[in-house]
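Please work through the following exercises with the sequence and the coordinates at hand. Each task is followed by a solution in steps.

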Amino acid sequence: MNARLAVLLLALVAAPAAAQTPPASGEAITIHPEAKAAIDGLWSPYCPGMMLATCTSPGGAMLRDSAQSWALQGLSRDSIIQRVVAEYGEKYRAEPRASGTGLLAWAIPPVIVLAGLGVVGVVLARRRRGALAAAPTPSGAGGPAQALPAQDEARLKAALKELDEQEEPVF
């Protein structure tokens, strides 16, 4: 790791001075679009769990400056990302490749979501069919009325009578 850091520092020192020229006083620093795209597509090797764009360490700032100088030298977003990945490893690529095993990372989530929606649809359809089949038909709808057992009917009448007595207004 120390050898990699030394090589990175040498690359920073060797960068052309034209790429490192500071803006005139009062002028805002503009980040090259290719550098910004590359920085947004990388995890920081210096701040674990953070994107390079939000890393606050000095190493992260140096790597962002390197990306800026590489972009000013004409490197594309993919070339800058490839350079950083070659130096630090594939785990710092924020987006998986669209080829090889990286293609699975793009394909599997939508397949899982579609399969889940299909399962939910099937379960809801079965429940709906089951509820419609088990629903009693009202006596006025042409189907036979379901009779209550005599004991339940007596309890129901007693409960309704008690409810009526409780609701009677007292004058």
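The exercises below concern a predicted model.

**Exercise 1. The nonpolar core**

Task: Identify which residues of the largest nonpolar core touch the most other members, and which helix gives the most to this core.

Solution.
1. The largest nonpolar core has 15 residues, and those touching the most other members are Leu42, Leu52, Leu63, Ile80, Ile81, Val84 and Tyr88.
2. Two or more residues of this core come from each of helix H2 (33–40), helix H3 (58–72) and helix H4 (77–88).
3. With five residues, H4 gives the most to this core.
4. For Leu63, once residues up to four places away in sequence are set aside, the residues touched are Pro45, Tyr46, Leu52, Val84 and Tyr88.

**Exercise 2. The side chain of Gln68**

Task: Decide whether Gln68 is buried or exposed, and state which backbone atoms lie by polar atoms of its side chain.

Solution.
1. Gln68 is located in helix H3.
2. Its relative accessible area is 16%; the buried class is defined as under 20%, so Gln68 is buried.
3. A polar atom of the Gln68 side chain lies 3.3 Å from the backbone oxygen of Thr30, and one lies 2.9 Å from the backbone nitrogen of His32.
4. Beyond its neighbours within four places in sequence, Gln68 is in contact with Thr30, Ile31, His32 and Ala35.

**Exercise 3. Salt bridges**

Task: State how many salt bridges the structure holds, and examine the pairs of Lys36, Lys157 and Asp78.

Solution.
1. Six salt bridges are present in the structure.
2. Lys36 pairs with Asp40, with the closest N and O atoms 3.0 Å apart. The two residues are separated by about one helical turn because they are four residues apart in helix H2. Lys36 is partly exposed at 45%, and Asp40 is partly exposed at 39%.
3. Lys157 pairs with Glu153, the closest N and O atoms being 3.8 Å apart. These residues are four apart in helix H6, and therefore about one helical turn separates them. Lys157 is exposed at 55%, whereas Glu153 is partly exposed at 35%.
4. Asp78 forms a salt bridge with Arg77 at a closest N and O distance of 3.2 Å. Asp78 is exposed at 53%, and Arg77 is partly exposed at 24%.
5. A network of salt bridges links Arg77, Asp78 and Glu95.

**Exercise 4. A surface patch**

Task: Name the residues that make the nonpolar surface patch of about 360 Å², and describe the place of Leu160.

Solution.
1. The patch is made by Leu148, Leu156, Leu160 and Leu163.
2. Leu160 is found in helix H6 (residues 150–167).
3. With a relative accessible area of 47%, Leu160 is partly exposed.

Terms used. Residues are numbered from 1 along each chain as its sequence is written. This is a predicted model: local features need pLDDT of at least 70, side-chain atom pairs count only at pLDDT 80 or more; totals for chains, interfaces and linings use all residues. Side-chain values use heavy atoms; hydrogens and water are left out. Patches are made of residues with over 30% relative accessible area and no salt bridge: like charges are joined within 9 Å, nonpolar side chains (Val, Leu, Ile, Met, Phe, Trp, Tyr) within 5 Å. Accessible areas come from the Shrake-Rupley method with a 1.4 Å probe; for residues, only the protein chains shown count as cover. A salt bridge is a side-chain nitrogen of Lys or Arg within 4 Å of a carboxyl oxygen of Asp or Glu. Buried means under 20% relative accessible area, exposed over 50%, partly exposed in between (1.4 Å probe, protein chains only). A nonpolar core is a set of buried Ala, Val, Leu, Ile, Met, Phe, Trp, Tyr and Cys residues joined through side-chain atoms within 4.5 Å. Contact means heavy atoms within 4.5 Å. A polar contact is a pair of N or O atoms within 3.5 Å; within protein, one must be able to donate a hydrogen and the other to accept it, and residues adjacent in sequence count only if both atoms are side-chain atoms.
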